[in-house]
Amino acid sequence: MLIKRNPNGIDIPFASEITPRAVFESRRTFIRQLALGSIAGGALLEMATREAFAQSAAQKLSAKTNSAYVVMDKPTAYKDATTYNNFYEFGTDKTDPSHYAGSLKPRPWTIAIEGEVKKPMTLDLDSLQKLAPLEERIYRLRCVEGWSMVIPWIGYSFAELIRKVEPTGNAKYVEFVTLADKKQMPGLRSPVLEWPYVEGLRLDEANHPLALLAFGMYGEVLPNQNGAPVRMVVPWKYGFKSAKSIVKIRFTKDQPKTAWNISAPQEYGFYSNVNPDVDHPRWSQATERRIGEDGFFTKKRKTMMFNGYSEVASLYAGMDLKKFY
Amino acid sequence: MFNPSARQLAAIKTAVFIVALLPFARLVLFAVIGQLGANPIEFITSNTGDWTLYFLCITLAVTPLRRLSGWNWLLKLRRMLGLFAFFYVVLHFTTFLWFDHFFDIDAMLKDVVKRPFITVGFAAFLLLIPLAATSTNAMVRRLGGRRWQTLHRTIYLIAPLGILHFWWMKAGKNDFEQPILFGTVVAVLLLLRVYWSIAQARTQKRQVSPRPN
């Protein structure tokens, strides 16, 4: 067998060199079949099954790629996207969520949709997932801390759900509430935020086709640390606007009081659109570092208005985005 | 009471030197084997910042430890410990200047002026430079013991500035656990000095005031 060394001498492959899951799994099946058929295949069989077992924790979730929502940037390595997370319910260090989110039970799960809607409903995960066909979309993700990733999400436009529940004329905003269960989320012991975590969007923002209700990423169901089993992804806003592990969605008359806005209103506004011209009080937002790609000696890249999603600009026509930051 | 011989003291110094270099060695090792995580520059910045504060605390702890234990030889380690605080802050600052600003001094200075937490950290760094520069025996002699000591007492200002820098950096994230810990340690170490100097002033007064009527 030909053993190829990675030319960059590092054992982390470039994202472009990562074998798609489907391909390596079919290889495993092949090895397994080969092993079964051979006399000296005992060791091989063991190898094949052991690796297959290690993979079985992640559940596949297939979806058709929606090419209208695919950025050409190279996707962030799965390992980086799942070990470098802000999810304070599991701790404030970036590595805390991947260490401690194992205690979250993403199934069974119900989600309540209530407030100013004609058809309030409580759905289990499967019913929610079946409301609309799942799509894969590759989005940029820009964190307010000045780093970014590129992630292939799986889900459907939140607008599909809005259509099903039929908001009343009073509905002006949508509020998303994250699970707050001390038994499952050790970070809740720390008073860094007011729990439960609440985020919100204006109804027209939530209705924009880009706003995604996501159930998976990288062809699998969401890992716990990334907001399993269901989260929002609002790619033209800073990452914290996208609530994770959602248990409740409320349609409201008034602007929701959101967790980060309560905690530090001068730093985190309700809108929090990605905007290179509005600095965070403690650092510039003009540039960002792409995780896993921009190394030590690469200059940080320029941040784009609305994270490059200029199609949302009309939502803010006539608004002073320095004031409504 | 333990009082090391010259040879023992040399051994202790060597050991402390090696131990104090371990955090740096760890960073280098992690860089080589690719264990600095998804955002290596952030890792290095926060790690070197942490170690600067640790060494400031350890340096400030020498005098109280010496007084409480009677181990006067501890004083002989203080210069090295202080210089390690300087070593880690230089790494911290270099990371900021190099990988955040790519030596764009203009942009860096704008950051220093515009953002209070950087202003304070930068001030603390600048104030440490004269202390590091006057750490040699020759400089102590040139300045004279008293003036040297006055200069080096700026550390009582530098350490709280360092904590404030860290505090403000964490403030927006509402994550005060570590700043509170560092702040408490530094406060205790400084308050002990205040307490001792008050106590000393009192005894001196008592010695002076009794007078025959």
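A colleague and a modeller talk through a predicted model of chains A and B.

Colleague: How many helices and strands does chain A have?
Modeller: Chain A holds both kinds of element. The count is eight helices and 13 strands.

Colleague: What is the secondary structure of chain B?
Modeller: From the N terminus on, the elements run α-α-α-α-α-α-α-α-α. The C-alpha trace of chain B spans about 75 × 45 × 35 Å along its principal axes. The tally for chain B is nine helices and zero strands.

Colleague: What share of the residues is buried in chain A, and what share in chain B?
Modeller: Buried means under 20% relative accessible area. Chain A has 325 residues, and 49% of them pass that test. For the 213 residues of chain B, the buried share is 38%.

Colleague: What part of the accessible surface belongs to carbon and sulfur atoms in each chain?
Modeller: Chain A has an accessible surface of about 15,800 Å², and carbon and sulfur atoms hold 57% of it. Chain B has about 12,700 Å². There the carbon and sulfur part is 67%.

Colleague: Among contacts in chain B between residues at least 6 apart, what share joins residues at least 24 apart?
Modeller: Take chain A as a reference: residues 24 or more positions apart account for 70% of its contacts with a separation of 6 or more. For chain B, the share is 63%.

Colleague: Where does UniProt place the feature "transmembrane region" in chain B?
Modeller: The record is an unreviewed entry. Two of its spans can be checked against the model. Residues 12-31 are 100% helix, with end C-alpha atoms 29 Å apart, and residues 180-196 are also 100% helix, with ends 24 Å apart. The full set is 12-31, 51-68, 80-99, 119-138, 150-168 and 180-196.

Colleague: How far apart are the end C-alpha atoms of residues 49-162 of chain B?
Modeller: An unreviewed UniProt entry places "domain: Ferric oxidoreductase" on those residues. In the model the span is 86% helix and 0% strand. Its end C-alpha atoms lie apart by 9 Å.

Colleague: Which residues make the nonpolar surface patch of about 380 Å²?
Modeller: Start with one member, F17(B), which sits in helix 1, residues 6-33 of chain B. At 40% relative accessibility, F17(B) is partly exposed. A patch member needs over 30% relative accessible area, so F17(B) passes that cut-off. The patch is made by F17(B), I18(B), V19(B) and L22(B).

Colleague: Is E288(A) buried or exposed?
Modeller: E288(A) lies in strand 12, residues 287-290 of chain A. Its relative accessible area is 3%. The cut-off for burial is under 20%, so E288(A) counts as buried.

Colleague: Which side chains make polar contacts with the side chain of E288(A)?
Modeller: Leaving aside neighbours within four places in sequence, E288(A) is in contact with several residues, including G146(A), S148(A) and K300(A). One polar contact of its side chain is at 2.8 Å. Another is at 2.6 Å. The partners are, in that order, R142(A) and T303(A).

Colleague: How many residues apart in sequence are the parts that K237(A) and E205(A) tie together?
Modeller: Their side chains meet in a salt bridge at 2.8 Å, N to O. K237(A) lies in the loop between strand 10 and strand 11, and E205(A) in helix 7, so the pair ties together separate parts of chain A. Both partners are buried, K237(A) at 1% and E205(A) at 0%. The separation is 32 residues.

Colleague: Which residue of chain A meets R115(B) in a salt bridge?
Modeller: The bridge is 3.2 Å, N to O. R115(B) is in the loop between helix 4 and helix 5 of chain B, and its partner is in a loop of chain A, so the pair joins two chains. R115(B) is buried at 3%, while the partner is partly exposed at 27%. That partner is D279(A).

Colleague: Which residue of chain A forms a salt bridge with D100(B)?
Modeller: The closest N and O atoms are 3.9 Å apart. D100(B) is in helix 3 of chain B and its partner in strand 12 of chain A, so this pair joins two chains. D100(B) is partly exposed at 31%, and the partner is buried at 5%. The partner is R289(A).

Colleague: Which residues do salt bridges that share partners join into one network?
Modeller: Over all chains the count comes to 24 salt bridges. E288(A) belongs to the network. Its members are D73(A), R140(A), R142(A), E288(A) and R290(A).

Note on methods. Residues are numbered from 1 along each chain as its sequence is written. Chains are lettered from A and ligands numbered from 1 in the order in which they are written. This is a predicted model: local features need pLDDT of at least 70, side-chain atom pairs count only at pLDDT 80 or more; totals for chains, interfaces and linings use all residues. Side-chain values use heavy atoms; hydrogens and water are left out. Helices (H or I, at least four residues) and strands (E, at least two) are DSSP runs, numbered from the N terminus. Buried means under 20% relative accessible area, exposed over 50%, partly exposed in between (1.4 Å probe, protein chains only). Contact means heavy atoms within 4.5 Å. Accessible areas come from the Shrake-Rupley method with a 1.4 Å probe; for residues, only the protein chains shown count as cover. A polar contact is a pair of N or O atoms within 3.5 Å; within protein, one must be able to donate a hydrogen and the other to accept it, and residues adjacent in sequence count only if both atoms are side-chain atoms. Patches are made of residues with over 30% relative accessible area and no salt bridge: like charges are joined within 9 Å, nonpolar side chains (Val, Leu, Ile, Met, Phe, Trp, Tyr) within 5 Å. A salt bridge is a side-chain nitrogen of Lys or Arg within 4 Å of a carboxyl oxygen of Asp or Glu. UniProt positions are given in the numbering used here, feature names are shortened, and annotations may be inferred rather than shown by experiment.
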